[in-house]
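Hi everyone, thanks for making time this morning. I'd like to walk you through a few side-chain details in one structure, so let me put it up on the screen.

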Amino acid sequence: MPASRPFAHMVTGNITSQPIGHYEFCQTHKDECSIRLPSSLPAKVTEYGWDMIQEINTAVNARYEARTDMEIYGREEVWAYPTTAGDCEDFVLQKRKELAEKGFSVADLLITVVRKPDGEGHAVLTVRTSEGDFILDNLTDDVKLWTDTNYTFLKRQASFNTGRWVTIEDGRDILVGALR
C-alpha cells in the first residue's frame, strides 16, 4: 500500500473544454456522462483494493493490442470500449468500467489528459485515493503516484460530474519555478 507524500493529490482549477472524443463518446453513452456526484474526499483503499487496481491495470494492458484510432477506425479521436485493440483512451475507458464494476466510485476514476515528454497527447486513468492520485497507464503495468510520472498533466474529468472537465494545476511546475 502506498504511503502519502507531499503533492500526492492533484489540484484542479476551472471548468475547461471536454475533449472532442469524450464529447462524441458521451453522445452514445449518455448514462456514463451525466452522473452528478456530491463533492467528497477520496476513499481509503484497502489492500484488496490496491490488488484490484494493479490487477485490472495489468490485465487490460495485456488483453488488448495498442493501435491508433486511424489504424482501427480510419479516423482520429474515437473513444470506445476496446474489443481486440484500442488506443490510450480506450484502455482508460475499459479500466474505469472494470474498477467501477468492482465497487470503486466513478468520482474517483477520472479520465485524464496528459502530455508525454515528446509532446504527444496521451490519456491515463487517475484513481483518487486518500493516499494520493494514482495513474493507470497502458504504457506501463506500474501504478504510479501522478507526481512519479514524467507527464505534464493538462485536464481531467471533474470528480463531481462525469460530463465536465477541469484543468489541473501541476504543482511540480510551480515548485520548480519557485527555485529559479
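**Rings, sulfurs and a threonine**

Let's start with a charge and a ring: Lys97 lies over the face of Tyr81, at 5.1 Å from the ring centre. Before I go on, please keep in mind that this is a predicted model.

Now to rings with rings. As you know, a pair of aromatic rings is described by the distance of the centres and the angle of the planes. How many aromatic pairs are there? The count comes to five. I'll show you two of them, beginning with Tyr64 and Phe91, which meet edge-to-face, with 6.2 Å from centre to centre and 85° between the planes. This pair links distant parts of the chain, 27 residues apart. Tyr64 sits in the loop between helix H2 (47-63) and strand S2 (65-66), while Phe91 belongs to helix H4 (residues 88-101). Are these two rings buried or exposed? Tyr64 has 9% relative accessibility, so it counts as buried. Phe91 is buried too, because its relative accessibility is 2%.

The other pair I picked is Trp146 with Phe153, again edge-to-face, at 5.2 Å centre to centre and with 90° between the planes. Both of these residues, Trp146 and Phe153, are buried.

On to the sulfurs. The structure holds one disulfide, and the residues joined are Cys26 and Cys33, with 2.1 Å from S to S. Which hand does it have? The torsion about the S-S bond of Cys26 and Cys33 is about -80°, so this disulfide is left-handed. Cys26 is buried, with a relative accessible area of 8%, and Cys33 is buried as well, with 10%. Then there is Cys88, which is in no disulfide. Its nearest cysteine sulfur is that of Cys26, 16 Å away. Cys88 also counts as buried, because its relative accessibility is 12%.

Last stop: a threonine. Have a look at Thr126, which is found in strand S5 (residues 121-129). Why does Thr126 count as buried? Because its relative accessibility is 0%. What does the side chain of Thr126 do in there? It makes a polar contact of 2.6 Å with the side chain of Thr112. Leaving aside residues up to four places away in sequence, Thr126 touches several others, among them Met10, Asp108, Leu110, Phe134, Ile135 and Arg156. Thr112 is on that list of contacts as well.

That's my tour; thanks for listening, and I'm happy to rotate the view for anyone.

Key
Residues numbered from 1 in each chain as written. Predicted model: local features only at pLDDT ≥ 70, side-chain atom pairs only at ≥ 80, totals over all residues. Heavy atoms only, no water. Helix = DSSP H or I, 4+ residues; strand = E, 2+ residues; numbered from the N terminus. Buried < 20%, exposed > 50% of the residue type's maximum accessible area, 1.4 Å probe, protein only. Polar contact = N/O pair within 3.5 Å; in protein donor to acceptor, adjacent residues only side chain to side chain. Contact = heavy atoms within 4.5 Å. Disulfide = S-S within 2.5 Å. Phe/Tyr/Trp six-rings, centres within 6.5 Å; stacked < 30°, edge-to-face > 60°. Lys NZ or Arg CZ within 6 Å of the ring centre and 35° of its normal.
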